[in-house]
Amino acid sequence: MKKYLVTGGAGFIGSNFIHYMLEKYSDILIIDLDKLTYAGNLENLKDIEGDKRHIFIKGDICDRKTVSDLLMRYDPDCIINFAAESHVDRSIADPQVFVETNVSGTVNLLGCSMNAWYDPATCTWLPGKKFIQVSTDEVYGALGSDGFFTESTPLSPHSPYSASKASADLLVMAFHDTYKMPVNITRCSNNYGPYQFPEKLIPLMINNTRQKKQLPVYGDGMQVRDWLYVKDHCKAIDMVAENGKTGEVYNIGGHNERTNIFIVKTIIEQLRRRLEDEGISEALITHVADRLGHDRRYAIDPEKIRKDLGWFPETPFEEGIVLTIDWYLDNEAWMDRVTSGNYMKYYEEMYGNRL
Ligand code: NAD
Ligand code: DAU
């Protein structure tokens, strides 16, 4: 039986990954370590409650004892680190926790793994072990109107979020270069799909549109992101866990570049039709003050993972966005719960002055 320690498994991508893996493999054990910050939500895992192949542990990746005890108790073959502070706007408002979780948390996981898996006397690692760092295309900085990020594009992060993720990547590679730790880093473009916290563009716009609230588009809305349906990202991580070559970085992206304004207009159009409500219109779009240091364009060249591991994105955007909108409309209770309480305060602080 293959055993995984997944961190951040109650968040957006982590919970999708757990669903993906439990659907795909019957003989599997996933230990899920999550601090349950504002972004972590056990409701994302509700339908697998009671499934013995998934063990949830509430805890912090920065806590040495928690992580060491877990490694000792469950002896996982593979650690997949999704846990992070993940929202660029929050990192601009308050960077400190991004350094704590994304940098110190990652180095704690690396150190604990090393204690459990490495024999300093022989400089050898237990066979069959692997550490996967789930990183982001944002570590490469921003592109002009053409070109793509490849794995050899120099790191040039701009936001506190992307700087913290780039720092973590450098530490992961340092453990590989120094101790020959068996690692992979994945760098994916923007994900969309079920269970994404509505601080991010797509679920925020779906939530506001269904309520006919203003749709806050930063600046001119012509920034470009390379959108990938989350299940395709999960599939890529599974393939890297299975067959990724030690020490390699893999870029993951769907060759699906869209401007923000296109995304927002697509959501409006879809919801107007689905909800049969003519009050849902582009008049809801409100251009607001731009994000500080806003990266203009991201685009991934996924050729390496295609060639080496046979990965390709299966879900065309036109299909993925419909699946996504359907999911949020079918799960309005989920959306209502995550947008009550603290979310209202967050929204007011982030958008109050802008709107
Ligand atoms: P998310 O914010 O939805 O989830 C993060 C999860 O980590 C939450 O469940 C949270 O409770 C948990 N967490 C936070 N701090 C923790 C800590 N100290 N200890 C343990 N758990 C902690 O994030 P996401 O969008 O699912 O992103 C997951 C990973 O993928 C992140 O590392 C992110 O950088 C990376 N990534 C995200 C995207 C994207 O488009 N969302 C794209 C590429 C890479
Ligand atoms: O590229 C991968 C990254 O994608 C991940 O590493 C991050 O964790 C993830 O949050 C995401 O970062 P972005 O900043 O690209 O995603 P976000 O959804 O916050 O914003 C997408 C674009 O939409 C960006 O250009 C900013 C813009 N935007 C966002 C919000 C929330 C708006 O115009 N209005 C908004 O209200």
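In this predicted model, an N or O atom in the side chain of Lys 165 is placed 2.6 Å from an oxygen atom of ligand 1. Taken alone, ligand 1 exposes 840 Å², of which the protein buries 96%. A second ligand has a shell of 24 residues, and the packing of helices H6 and H8 is described at the end.

**Contacts of ligand 1**

- Lys 165 is also listed among the closest of the 28 residues that surround ligand 1, together with Ile 13, Asp 34, Ser 86 and Tyr 161.
- Thr 37 approaches ligand 1 through its backbone, with an N or O atom 3.0 Å from an oxygen atom of the ligand.
- Thr 101 uses its side chain instead: a polar atom there lies 3.2 Å from a nitrogen atom of ligand 1.

**Shell around ligand 1**

- At least two shell residues come from each of helix H1 (12-24), strand S7 (130-136) and helix H5 (160-179).
- Strand S7 makes the greatest contribution to the shell around ligand 1, with 3 residues.
- By residue class, the shell around ligand 1 comprises 12 nonpolar, 12 polar and 4 charged residues.

**Contacts of ligand 2**

- The residues that come nearest to ligand 2 are Asp 137, Tyr 161, Arg 291, His 294 and Tyr 351.
- Tyr 161 places a polar side-chain atom 2.6 Å from an oxygen atom of ligand 2; this residue is also one of the closest to ligand 1.
- Arg 291 likewise has a polar side-chain atom 2.6 Å from an oxygen atom of ligand 2.
- Ser 86, one of the closest residues to ligand 1, has a backbone N or O atom 2.8 Å from an oxygen atom of ligand 2.
- Ligand 2 exposes 690 Å² when taken alone, and the protein buries 95% of that area.

**Shell around ligand 2**

- Helix H6 and strand S10 (215-218) each provide at least two residues of the shell around ligand 2.
- Strand S10 gives the most to this shell, with 3 residues.
- The shell around ligand 2 divides into 10 nonpolar, 8 polar and 6 charged residues.

**Packing of helix H6**

- Helix H6 (residues 201-210), which supplies residues to the shell around ligand 2, packs with helix H8 (residues 260-275) at an angle of about 40°, and the two axes are 10 Å apart.
- Because of this angle, H6 counts as oblique to H8.
- The crossing in which H6 passes H8 is right-handed.

Conventions. Residues are numbered from 1 along each chain as its sequence is written. Chains are lettered from A and ligands numbered from 1 in the order in which they are written. This is a predicted model: local features need pLDDT of at least 70, side-chain atom pairs count only at pLDDT 80 or more; totals for chains, interfaces and linings use all residues. Side-chain values use heavy atoms; hydrogens and water are left out. A residue is near a molecule or strand if one of its heavy atoms lies within 4 Å of it. A polar contact is a pair of N or O atoms within 3.5 Å; within protein, one must be able to donate a hydrogen and the other to accept it, and residues adjacent in sequence count only if both atoms are side-chain atoms. Accessible areas come from the Shrake-Rupley method with a 1.4 Å probe; for residues, only the protein chains shown count as cover. Helices (H or I, at least four residues) and strands (E, at least two) are DSSP runs, numbered from the N terminus. Ala, Val, Leu, Ile, Met, Phe, Trp, Tyr, Cys and Pro count as nonpolar, Asp, Glu, Lys and Arg as charged, and the others, Gly among them, as polar. Axes are lines fitted to C-alpha atoms, for helices over the stretch in contact, and angles run from 0 to 180 degrees between N-to-C directions. Angles under 35 degrees count as roughly parallel, over 145 as roughly antiparallel, 65 to 115 as roughly perpendicular and the rest as oblique. A crossing is left-handed if the near helix is turned anticlockwise from the far one by less than a right angle, and right-handed if clockwise.
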